[in-house]
Amino acid sequence: MKGLLSMRIPLGSELMTTVRLTTGGVCALKGLDIDASEDCKVCVTESLLLLRHAGYGEAAVDFSDDDGLMVAIEGAGRRKKASPAPEDEISAALLEALAESVRMEKKEGAIFSVSFRFAL
Amino acid sequence: MEERELFERYKQTGDVALRNQIVEKYLYIAAVIAKKFVGRGVEYDDLYQVAALALIKGVDRYDVDKGIKFSTFITPTVTGEIKNYFRDRSRLVHLPRKVAELRTAIKKATEELTRETGRTPTARELAARLHVSEEEIVQSAEAGTTVSLDRPMEEGEGSFYDVLATGAESDFEKFENRDAMRDALSTLSEAERTLVRLRFGEELSQVETAKRMNVSQMYISRLERKVLLKLKETMQGGTAQ
C-alpha cells in the first residue's frame with residue numbers, strides 16, 4: 001500500500017468543504033470516475049461526522065494507493081464526551097452502501113476509526 | 001408503538017394506514033440521504049422524491065425477524081435507488097449549454113409576453129424579444145422534446161425506429177470488430193467475463209445479474225463501469241495499432 005496524502009484536521013464544519021475538495025483532488029489523481037469520487041467525498045464527510053459525534057476534535061485522514069483508493073480516518077486530539085446523533089446509524093449504513101471493505105473500529109463504545117476503499 | 005410492533009402489525013394486517021404511519025415515521029431518513037447527494041446536478045426535491053419512493057417500497061420488503069434495524073436496512077436501498085436514478089439520468093442526451101440557456105430564456109420571455117399581451121406569443125415575437133432568429137426559437141423548442149422511437153411518423157408510414165440508420169457494417173468491419181472484441185474479452189477476469197455474458201449476452205438487469213453472481217447490485221454497477229472502460233481502452237489501443 002503506497003501512501004498518497006495524509007492530513008490532520010480540526011473537525012469543524014467550516015473545514016468540511018476543504019476536506020471534500022481535497023478528497024475530490026485525490027480521487028481525480030487516482031483516476032476514479034465522477035460518481036465514485038462523489039461517493040468517496042460523501043464517505044469521508046460521514047466518517048468525520050461520526051468521529052465528531054464520538055467526541056473527537058480532530059481527525060487524521062490518510063489516503064493511500066491499494067489497487068484503488070484506500071481511505072483511513074482516525075479520531076485524534078483530546079476527546080470530549082461523545083454526543084451520538086440519531087443520524088449516526090444512517091451514516092454508518094451509507095458508508096457500507098457506498099464503499100468497499102468498510103471497517104469501523106470502536107473504543108469505549110464510540111467509533112475511533114473508519115476505513116474504506118474505492119476500487120478503480 | 002415500537003418499531004418491531006409497528007412492523008409486525010403491518011405484516012399481519014397489511015393495513016395501508018399503518019404503512020403510512022411507518023413511512024411518515026421514517027421519512028426523515030429519505031430526507032437525510034437525499035441531502036447527501038445534493039450538488040450532483042439533480043434538485044433536492046427530485047432526490048427526496050426518489051428516496052421517499054424507495055422508502056415506501058422498502059417498508060414492504062423489510063423483515064423484522066432478521067434482527068436488523070429498519071434504518072440500517074433501508075439506507076442501502078434508498079442509496080441504491082438514488083444511484084440508479086443518477087445512472088439513468090446520465091444516459092439521457094444532454095442539451096448543449098447554449099440551447100439549454102435559450103430554452104430558459106424562451107420560457108421567461110413567453111411568460112412576460114403573455115402577461116403583456118394577454119395571449120401566447122408567436123415565434124417571431126419571441127425572436128424579437130430575445131434578439132435571436134425565429135429558426136433558433138423553433139429549434140430550441142424542439143430540442144427539449146423527447147420523442148418515442150415507436151411514435152408513428154405519419155399515418156401508415158411506420159415509426160421513427162423504422163427509418164433510423166442501421167449503421168450497417170461491411171463484412172470485413174464485422175470480422176475485424178469481432179476479432180478486436182474477442183481480444184479485448186480475453187483481458188478480462190473470470191468475474192468480469194461472467195458479468196459481460198449475463199448483462200450483454202443474456203441481457204439481464206443489474207439486479208438479476210447481482211443475484212446470479214451472488215453479489216450486491218452496487219458491486220455489479222461498479223464492475224460494469226470498470227469492464228466497459230477496460231474494453232474501450234483495449235479496443236482503442238487495438239485500433240491505434
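In this talk two strands are taken to pair if DSSP finds at least two bridges between them. I begin with that criterion as the sheet of chain A rests on it. Please keep in mind throughout that this is a predicted model.

Let me start with the sheet. Chain A contains an open sheet of five strands, paired in the antiparallel sense, in the order β1-β2-β3-β5-β4. Its edge strands are β1, residues 2-10, and β4, residues 100-107, each of which pairs on one side only. Direction ignored, neighbouring strands of this sheet are turned by 15° against each other on average. At the β4 edge, β4(A) pairs with β5(A), residues 110-119, through six bridges in the antiparallel sense. Within that pairing, E100(A) has R117(A) of β5(A) as its bridge partner.

Which strands does helix α1(A) touch as it packs on the sheet? The strands are β1, β2 (56-65) and β3 (68-79) of chain A. The direction of α1(A) makes about 175° with that of β1(A).

I now place these elements along the chain. Chain A has three helices and five strands, and the sequence runs through them as β-α-α-β-β-α-β-β. Of the contacts in chain A with a separation of 6 or more, 64% join residues 24 or more positions apart. Of its 120 residues, 38% are buried.

I turn to the helix pairs. The first is α1(A), residues 16-30, with α2(A), residues 34-53. Their axes come within 9 Å and cross at roughly 140°. Why is this pair described as oblique? Angles over 145 degrees count as roughly antiparallel, and the crossing is at roughly 140°, so α1(A) is oblique to α2(A). The crossing is right-handed. On the α1(A) side, the contact is made by M16(A), V19(A), R20(A), T23(A), G24(A), C27(A) and A28(A). Facing them in α2(A) are A36(A), S37(A), C40(A), K41(A), V44(A), T45(A) and L48(A). By class, the residues of this contact are eight nonpolar, four polar and two charged.

The second pair joins α2(A) to α3(A), residues 88-98. Here the axes lie 9 Å apart and the angle is about 150°, which means that α2(A) is roughly antiparallel to α3(A). What is the hand of this crossing, left or right? α2(A) passes α3(A) in a left-handed crossing. From α2(A), the contributing residues are D39(A), V42(A), C43(A), E46(A), S47(A), L49(A), L50(A) and H53(A). From α3(A) they are D88(A), S91(A), A92(A), L94(A), L95(A) and L98(A). This contact divides into eight nonpolar, three polar and three charged residues.

Finally, I come to the interface between the chains. In this model, 17 residues of chain B are in contact with 14 residues of chain A. Three helices of chain B, namely α2 (16-36), α4 (70-91) and α12 (217-240), each supply at least two residues of the side that touches chain A. Which helix gives the largest share of that side? The answer is α4(B), with seven residues. By class, the side of chain B that touches chain A comprises six nonpolar, five polar and six charged residues.

To close, I return to chain A: α1(A) packs on the sheet, α2(A) crosses α1(A) in the right-handed sense, and α2(A) passes α3(A) in the left-handed sense. Thank you for your attention.

Key:
Residues are numbered from 1 along each chain as its sequence is written. Chains are lettered from A and ligands numbered from 1 in the order in which they are written. This is a predicted model: local features need pLDDT of at least 70, side-chain atom pairs count only at pLDDT 80 or more; totals for chains, interfaces and linings use all residues. Two residues are in contact if their C-beta atoms, placed from the backbone, lie within 7 Å. Helices (H or I, at least four residues) and strands (E, at least two) are DSSP runs, numbered from the N terminus. Ala, Val, Leu, Ile, Met, Phe, Trp, Tyr, Cys and Pro count as nonpolar, Asp, Glu, Lys and Arg as charged, and the others, Gly among them, as polar. A residue is buried if 20 or more other C-beta atoms lie within 10 Å of its own, exposed if 12 or fewer, and partly exposed in between; C-beta atoms are placed from the backbone. Axes are lines fitted to C-alpha atoms, for helices over the stretch in contact, and angles run from 0 to 180 degrees between N-to-C directions. Angles under 35 degrees count as roughly parallel, over 145 as roughly antiparallel, 65 to 115 as roughly perpendicular and the rest as oblique. A crossing is left-handed if the near helix is turned anticlockwise from the far one by less than a right angle, and right-handed if clockwise.
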